[in-house]
Amino acid sequence: MNKFLLLLLLSLSAQSNELVFKGIEETEDEIINIEFKLDKVSYINSYNLKNPSRLVYEVNQSTIENPINEIYNYPIKKIRASKDENKTRIVIDLYDSVYWWKPTQKQIDDDVLVSLKLKKDKNLAISTRDIVVAIDAGHGGKYPGAVGPNNILEKDVTLLIAKELERTLRDTDGYQPVMIRSGDETISLNDRYQNARKLGADIFISIHADGFRLSSVKGASVFIWSEEASSTVARNLSEKQRKRIQADIKNLKPSDFNEDLARELYPDIYKDKISQSKKLGTKILDQLKRDPYTKIHKKDVEFADFRVLKSIDIPSVLVESGFITNPEDAERLKGKPGRRMIARSIFLGVHNYFLENPINGTMVENNNEFLSYKIQKGDVLSEIAIRFGVSVESINENNKLNNKPIYPGQIIKIYI
Ligand SMILES: [Zn+2]
C-alpha cells in the first residue's frame, strides 16, 4: 500500500474512534466491570504489571476527548485513561493482585461497549487471567459442509468436537473457551473472526472435516492462513466463487474490525501472528500424530486461504479432523471416542504451545507443572485419563486418591 494512502487511512480511522468512559458496575459475585464506549471495534492490547500492581489496556487507533482520572474502591485505586500518540491507554491502578479478564467488545446499536472486568482474589501473588480460546465449529445452519456416508454432516461432527474441546478447557484451570457457535447456526465467515476479536480471544481454532470426490483420501491435517496461498487461490476461483467472496467482504459492518487495513498498519504484529500460528499448528499436529485412532493426511502444517484465519494478531489454525467422505474416517468421527481424540489432540497441542510460548500473567505462565481439573457430575477417572492422555494410575498416585470415589467440584492435579 502507498505510504500516503496509509497515513490517510490511519488518520481517518484514528479520528473516528473515540473512547468514552461509561461507568463502573459491580455484580453480585463481586466482579467489577468497567465500561467504555467506542465507535468501532479496536485492536486492544492488554497486560498486567507489578510494583505497583496495575492493569494496562492499549486501545489502538483511538482518541479520547476527556482524559479520565477516577478514584474507586478497593481493590482499585484509580482508573486513568489518556491519549498516547495514536492510541488511548487505560490504566487501572490496584492495591493488590486481582483476577482479571481480557477485554470484550460488544456491539450495541451503533456503538461498541468495551468491558474490562476484574475480581479481587486474596490467593493471588500476581494478577492473573485465563487464556481465551475461541473454538470455531465449521459450517452450521444452512451450510452442512461436506457430506459423508449415511448422510453424516460435517457441521454436526465439527460442533460435537468443538463441544468436547470446550468441556476440557472449561473445567481446566487457566483456560476459558469461547464458542463461535454453540448450536446449529448459520454464521458468516466474517463474523467468525470478528467475533473472536470481540470476545477477546488469545487464539482461534477452527474445526472441520474434509470432503473429497475420491473416498480413498483420508486423514487429518492442520492449516494456517497465508496471503500468498490466498492470492493463488484467488486467481483460480470461478466467477461465482469470486462474487460470493466479494459480497462477503462487502458485508463487513462499519463497526467491524478491518483486518486488511490493520495488516498494513501493524506488519510486525501480523508477521509474528503467522509464526505463532505455525508453532501452534505444529503442536496440534504433533499430538494428532500420536493419536492411535487418527491417520495423518499431511505431515506438515499447510498454508491455505481460509479467511476465518485472517486475524492480524490472534494465532489461528484450522484443523481438518479427517475426510468425512472416507468410510474409515467417517466411522471414526461418527463415534464419541474418535471425536474425543481429536479434541484431546487440540487441547494438548494448545497447552504445549502455551507452555513454550507463555502469555504474561496467565495461569499457564505462573504454574506450568501440572493442570488443575475440576471434577464434573458424571465424570469417571478412566474418561478423564483419556481426555488428557494420561493413565488412571498416574491420576490416582498424583492425587493420593487411594481409589476413593471422586466427587463433583473436587480439584485434581494432572501431570501431562
Ligand atoms: Zn469444512
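These questions and answers go through several descriptions of a predicted model and the values behind them.

User: How do you know that the length of helix α2 agrees with its number of residues?
Analyst: Helix α2 runs over residues 154–170, which is 17 residues. At 1.5 Å a residue the helix should span 24 Å, and its end C-alpha atoms are 24 Å apart, so the two agree.

User: Why is α2 called largely enclosed by the rest of the structure?
Analyst: A residue is buried if 20 or more other C-beta atoms lie within 10 Å of its own. In α2, 12 of the 17 residues are buried, so the helix is described as largely enclosed. Among the buried residues are V157, L159, I161, A162, L165 and L169, and also E154, K155, D156 and E164.

User: What makes α2 oblique to α9?
Analyst: The axes of α2 and α9 cross at roughly 50 degrees and come within 9 Å. Angles under 35 degrees count as roughly parallel and 65 to 115 as roughly perpendicular. The angle of roughly 50 degrees falls in neither range, and therefore α2 is oblique to α9. The crossing is right-handed.

User: Which residues make the contact of α2 with α9?
Analyst: On α2 they are V157, L160, I161, E164, L165, T168 and L169, and on α9 they are R339, R340, I342, A343, I346 and F347. By type, these residues divide into nine nonpolar, one polar and three charged.

User: Why is α7 also described as oblique to α9?
Analyst: Helix α7 (residues 267–290) and helix α9 (residues 336–356) have axes that cross at roughly 135 degrees. Angles over 145 degrees count as roughly antiparallel, and 65 to 115 as roughly perpendicular. Roughly 135 degrees belongs to neither class, so α7 is oblique to α9. The axes come within 8 Å, and this crossing is right-handed.

User: Which residues meet where α7 and α9 are in contact?
Analyst: From α7 come K279, L280, K283, I284, D286, Q287 and L288, and from α9 come S345, I346, L348, G349, N352 and Y353. The contact divides into six nonpolar, four polar and three charged residues.

User: Why does P67 count as exposed?
Analyst: The cut-off for exposed is 12 or fewer other C-beta atoms within 10 Å. P67 has 11 such neighbours, so P67 counts as exposed. P67 sits in the loop between β4 (54–60) and β5 (68–71). Leaving aside neighbours within four places in sequence, P67 is in contact with A81 and S82.

User: What makes N51 stand out in its backbone?
Analyst: Most residues other than glycine have a negative phi, and most peptide bonds are trans. Phi of N51 is near 50 degrees, a positive value. The peptide bond from N51 to P52 is cis, with omega near -5 degrees. N51 lies in the loop between β3 and β4, and P52 is found in that loop too. With 5 other C-beta atoms within 10 Å, N51 is exposed.

User: Where else is there a cis peptide bond?
Analyst: A cis bond joins Y74 and P75, with omega about 5 degrees. P75 is in the loop between β5 and β6 (76–84).

User: How do you know that E30 is exposed, and what is its phi?
Analyst: E30 has 10 other C-beta atoms within 10 Å, and the cut-off is 12 or fewer, so E30 is exposed. Phi of E30 is near 65 degrees, a positive value in a residue other than glycine. E30 is placed in the loop between β1 (20–26) and β2 (31–38).

Definitions and conventions: Residues numbered from 1 in each chain as written. Predicted model: local features only at pLDDT ≥ 70, side-chain atom pairs only at ≥ 80, totals over all residues. Helix = DSSP H or I, 4+ residues; strand = E, 2+ residues; numbered from the N terminus. Expected span 1.5 Å × (residues − 1). Axes fitted to C-alpha atoms, helices over the stretch in contact; angles between N-to-C directions. Left-handed = near helix turned anticlockwise from the far one by under 90°. Contact = placed C-beta atoms within 7 Å. Nonpolar A, V, L, I, M, F, W, Y, C, P; charged D, E, K, R; others polar.
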